[in-house]
Amino acid sequence: MSNLASATVQLYRHVLQATWRSLTKSWISMVALILFGLLFLGIAKIAAPLGMAGGFLLGIVNALLVGSTLRLIEQSLSASRTLGFKDVTESFGYYFWDVIGVGFVLWLPTLLLDMGLQANPAYGQFLLSAFLLLVFILLNPAPEVIYQVRHDSTLEVFKTSYEFVMEHWVEWFLPFVLFILPVVLSPSGLQEFFSLSGRAGRGAGLDFLQILMLPLTAIGGWLSYLGLDSEGQEIVLLLLTPPVAMAILLFRGHLFASLHGSSRRQRLFSHQFNTRQ
């Protein structure tokens with residue numbers, strides 16, 4: 001058991017070091033994330049009064065921005081060179097149909113559950129929350145699968161995500177649990193968690209707004225835990241959210257790359273072998 005814990009710590013140390021190297025060479029990605037966020041909010045205001053047409057417009061913009069972000073993360077993982085503005089402009093269009101495909105497959109069951117919620121608020125809310133939590137868990141690595149694993153269809157993305165979670169759920173979710181710990185331990189922690197997982201589950205982690213909302217919520221929870229007042233929190237949140245969001249995406253990318261295609265037994269054997277050297 002101690003060897004397994006030691007191997008897991010070594011895994012996270014390796015991933016954190018790789019994340020820092022990537023972060024220092026991809027500062028332009030943080031700038032892009034801020035610009036993408038402003039663009040998304042601007043388009044959202046335009047789309048709001050357009051009804052269904054506005055929803056389709058926002059979905060297209062979301063897929064463009066998420067696909068571009070995934071492409072920038074993909075390039076950042078190698079850390080072979082410093083990314084530039086040209087990489088940002090050339091990233092548009094990448095993984096657009098992958099994001100659209102995942103969103104489309106999830107759209108119908110979510111729509112039916114939303115309709116059930118209107119017909120039966122109590123029972124419908126339970127089913128909707130359970131479904132979104134299940135999607136949040138089983139499809140959590142879908143963004144990494146899209147840009148790291150070769151696939152021919154959306155169903156293959158779902159299958160690979162499911163198999164990855166079944167094999168590596170401890171190593172994959174442990175950093176997430178630690179990151180949002182102050183949120184979970186707050187007086188309304190359970191409600192906050194289901195709200196967070198519900199929002200992320202609707203898009204399987206491919207909702208651009210939620211890419212920023214997760215670090216925003218978690219950082220806010222830590223600041224509240226440390227006793228920082230609300231006025232001071234706003235300034236810190238504005239400063240920390242973009243780099244933390246990018247660090248999370250890079251960390252997830254490196255962690256997925258380290259875990260995918262290996263087993264816990266293989267990592268334990270490798271750790272024991274290296275220890276004996």
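**Exercise 1. Is Gly 54 buried or exposed, and what is its relative accessible area?**

Before you start: this is a predicted model, so local features need pLDDT of at least 70, side-chain atom pairs count only at pLDDT 80 or more, and totals for chains, interfaces and linings use all residues. Residues are numbered from 1 along each chain as its sequence is written, and side-chain values use heavy atoms, with hydrogens and water left out.

Step 1. Find Gly 54 in helix H3. Helices here are DSSP runs (H or I, at least four residues; strands are E, at least two), numbered from the N terminus.

Step 2. Check the area: Gly 54 has a relative accessible area of 2%, so Gly 54 is buried. The cut-offs are under 20% for buried, over 50% for exposed and partly exposed in between, with a 1.4 Å probe and protein chains only.

Step 3. Now try a distance: the C-alpha atoms of Gly 54 and Ile 43 are separated by 9.0 Å, with their positions 11 residues apart along the chain.

**Exercise 2. Work out how H2 packs on H3.**

Step 1. Two packed helices are described by the angle between their axes and the distance between the axes. Axes are lines fitted to C-alpha atoms, for helices over the stretch in contact, and angles run from 0 to 180 degrees between N-to-C directions.

Step 2. H2 and H3 (residues 52-78) have axes 10 Å apart, at an angle of about 175 degrees. H2 and H3 are therefore roughly antiparallel. The classes go like this: under 35 degrees is roughly parallel, over 145 roughly antiparallel, 65 to 115 roughly perpendicular, and the rest oblique.

Step 3. Look at who touches whom (contact means heavy atoms within 4.5 Å). On H2 the residues include Leu 33, Phe 36 and Phe 40, and on H3 they include Gly 54, Leu 65 and Ser 68.

Step 4. Sort them: 13 are nonpolar, 6 polar and none charged. Ala, Val, Leu, Ile, Met, Phe, Trp, Tyr, Cys and Pro count as nonpolar, Asp, Glu, Lys and Arg as charged, and the others, Gly among them, as polar.

**Exercise 3. Do the same for H2 and H11.**

Step 1. The axes of H2 (residues 27-47) and H11 (residues 208-225) come within 10 Å and cross at roughly 120 degrees. That makes H2 oblique to H11.

Step 2. H2 brings Leu 33, Phe 36, Gly 37, Phe 40 and Leu 41 to this contact, while H11 brings Phe 208, Leu 209 and Leu 212. By class that gives 7 nonpolar, 1 polar and no charged residues.

**Exercise 4. Trace the link between Ser 68 and Ser 91.**

Step 1. Place both: Ser 68 sits in helix H3, and Ser 91 is in the loop between H4 (85-90) and H5 (96-119).

Step 2. Check burial: Ser 68 is buried at 0% relative accessibility, and Ser 91 is buried at 0% too.

Step 3. Join them: their side chains make a polar contact of 2.3 Å. That term means a pair of N or O atoms within 3.5 Å; within protein, one must be able to donate a hydrogen and the other to accept it, and residues adjacent in sequence count only if both atoms are side-chain atoms.

Step 4. List other partners, skipping residues up to four places away: Ser 91 also touches Arg 71 and Leu 72. Ser 68, with neighbours within four places left aside, has contacts including Phe 36, Val 88 and Tyr 94.
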